[in-house]
Amino acid sequence: MSATDGSQCSQTPEYHVLELFSGIGGMHYAIERSGKPYKVVSAIDINPVANTIYNHNFGENKASNSNILSLTPDRIQKLGVNVILMSPPCQPFTRNGNFKDVDDRRADPFVHLCDLLDKIPTVQFILLENVKGFERSQACELYKTRLAAAGFQFKEYILSPHDFGVPNTRHRYYCVAKRTAFSNPSAEIVLKPSSRHVAPGKRISDIVEPESEKLSRYLLKDDLLRKRLAIMDVCTPDSTNSMCFTKAYTHYAEGTGSVYSPLTRSEFDEIYRQIECTEDDGERMKLLKSLKVRYFTPTEVARLMCFPEDFEFPKQTTDKQCYRVLGNSINVLVVSSLFDEMD
Ligand SMILES: C[S@@+](CC[C@H](N)C(=O)[O-])C[C@H]1O[C@@H](n2cnc3c(N)ncnc32)[C@H](O)[C@@H]1O
């Protein structure tokens, strides 16, 4: 178990953080990774599974099971926080959620927070994450209007970990707001990371677990191989990218994340070519199985999202729960780069 807390680096932590919609603590890991002195004073989420995972990694009772709709300015002031980190539910701003925006009840806690912005004078810095597309929403307009009215300046980004050298695509919207001026303000949405955060591109071989019998349970079932492999994005060890992992990974085949074959790309392509020329069903299945295509494990997905190696799931967490909470979470490296703006 890891219970890292930036307060260990400093006698008087400068950043007292309120982590809202805290999930499995992606934001907590991001500020830890940024090296800023901090203390997470309170983390709030209504999902008990996510809270159990959060507490397993950061210590008992760190995340509280409560509803953000009941958060008051008075409570925030009493907590003595000067930083808010948040990634509100994204469903109101996605096709799957029918783009209902502020009319989706799942946006209510975010709208509630917009109403609090001018009543929390001690808060100096707010970092928000959401899906790409949020920038076109009424909720985003409301947020920016309320930020400005409360005396915040802000800067917006759409970034993907792939631009940082991570073999994973996950375009997300970020808004950094603070009460002081930005050293390099931008009226446009920033689309590229600053060069100091860009590392040489990693390959998928850098993040996969060593081949072992334990991984066989992640192999694709025959029916899926036969019917859906053609529409899946298959990574091989030399791949330099993978698709965004969503909370529906392994539940739906299409568009929820890549799968993995340990063969080289040329071996894979050669076998795939044979499959396409084979009419015999038995022979096709034999060839399909020889591709050894499997899902990425939760540990591998966590690595692609740049969670630290000591992050772990409690033993009782099912794979399905792991994929759901990871799909809801954030890329730790990308978010950590945004704390540069705190200075
Ligand atoms: C996009 S996820 C945030 C994930 C988080 N940043 C992480 O790293 O795992 C949104 C989270 O908001 C939580 N949530 C939704 N409505 C809430 C509410 N009214 N009060 C508290 N938490 C809520 C969900 O349970 C979910 O964990």
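This briefing covers cores, cysteines, aromatic pairs and selected residues. The model is predicted. Its largest nonpolar core has 74 residues. The structure holds 17 aromatic pairs, and a search of the whole structure finds zero disulfides.

**Nonpolar cores**

- In the largest core of 74 residues, those with the most contacts inside it are Leu127, Leu229, Leu291, Phe296 and Phe339.
- Helix 11, residues 332–338, gives the most to this core: five residues.
- Another core lies apart from this one and has 33 residues, including Leu18, Phe21, Ile68 and Tyr143.
- In soluble globular proteins, nonpolar side chains tend to be buried together.
- Leu291 touches Leu229, Phe268, Ile271, Tyr272 and Ile275, among others, leaving out residues up to four places away in sequence.
- The contacts of Leu291 also include Ser261, Pro262 and Leu263.

**Helix 1 and its surroundings**

- Helix 1 spans residues 26–34, and its buried residues are Gly26, Met27, His28, Tyr29, Ala30 and Ile31.
- These buried residues pack against two helices, helix 2 (48–58) and helix 11.
- They also pack against strand 1 (15–20), strand 2 (38–45), strand 4 (83–86) and strand 5 (125–131).
- Gly35 comes just after helix 1 and takes a positive phi of about 85°.
- Tyr29, one of the buried residues of helix 1, belongs to an aromatic cluster with Tyr54, Phe58, Phe307, Phe311 and Phe313.

**Cysteines**

- Why does Cys244 form no bond with Cys90? Cys90 holds the cysteine sulfur closest to that of Cys244, but the distance is 9.4 Å, too far for a bond.
- Cys244 counts as buried, at 18% relative accessibility.
- Cys277 is exposed, with a relative accessible area of 56%.
- Cys306 is buried, with a relative accessible area of 11%.
- Cys306 lies in the loop between helix 9 (298–304) and helix 10.
- The phi of Cys306 is positive, near 65°, in a residue other than glycine.

**Aromatic pairs**

- The ring centres of Phe110 and Tyr143 are 5.3 Å apart and the planes are at 50°, so the pair is tilted.
- Phe110 lies in helix 4 (residues 108–116) and Tyr143 in helix 5 (residues 138–149), so this pair ties together parts 33 residues apart in sequence.
- Phe110 and Tyr143 are both buried.
- Tyr249 and Tyr323 form an edge-to-face pair, 5.1 Å centre to centre with 85° between the planes.
- Tyr249 sits in the loop between strand 8 (234–235) and strand 9 (259–260), and Tyr323 in helix 10 (residues 319–328).
- The Tyr249–Tyr323 pair links distant parts of the chain, 74 residues apart.
- Both Tyr249 and Tyr323 are buried.

**Charges over rings**

- The charged end of Lys178 sits over the ring of Phe182, 4.8 Å from its centre.
- Arg265 places its charged end over the ring of Phe268, 5.6 Å from the ring centre.
- Phe268 is also among the residues that Leu291 touches.

**Thr278**

- Thr278 is found in the loop between helix 7 (265–277) and helix 8 (281–290).
- Buried or exposed? Thr278 counts as buried, at 18% relative accessibility.
- Its side chain reaches the backbone oxygen of Gln274 at 2.6 Å.
- Beyond residues up to four places away in sequence, Thr278 touches Glu283, Arg284 and Leu287.

**Asp222**

- Asp222 is found in helix 6, residues 222–228.
- Asp222 is partly exposed, with a relative accessible area of 31%.
- Leaving aside neighbours within four places in sequence, Asp222 is in contact with Met285 and Lys289.
- The C-alpha atoms of Asp222 and Ile84 are separated by 47 Å, and the two residues are 138 residues apart along the chain.

**Lys292**

- Lys292 is found in the loop between helix 8 and strand 10 (294–295).
- Lys292 has a positive phi of about 55°, although it is not a glycine.
- At 46% relative accessibility, Lys292 counts as partly exposed.

Terms used
Residues are numbered from 1 along each chain as its sequence is written. This is a predicted model: local features need pLDDT of at least 70, side-chain atom pairs count only at pLDDT 80 or more; totals for chains, interfaces and linings use all residues. Side-chain values use heavy atoms; hydrogens and water are left out. A nonpolar core is a set of buried Ala, Val, Leu, Ile, Met, Phe, Trp, Tyr and Cys residues joined through side-chain atoms within 4.5 Å. Buried means under 20% relative accessible area, exposed over 50%, partly exposed in between (1.4 Å probe, protein chains only). Helices (H or I, at least four residues) and strands (E, at least two) are DSSP runs, numbered from the N terminus. Contact means heavy atoms within 4.5 Å. A disulfide is a pair of cysteine sulfur atoms within 2.5 Å. Rings of Phe, Tyr and Trp (its six-membered ring) pair if their centres lie within 6.5 Å; planes under 30 degrees apart count as stacked, over 60 as edge-to-face and the rest as tilted. A charge sits over a ring if NZ of Lys or CZ of Arg is within 6 Å of the ring centre and within 35 degrees of the ring normal. A polar contact is a pair of N or O atoms within 3.5 Å; within protein, one must be able to donate a hydrogen and the other to accept it, and residues adjacent in sequence count only if both atoms are side-chain atoms.
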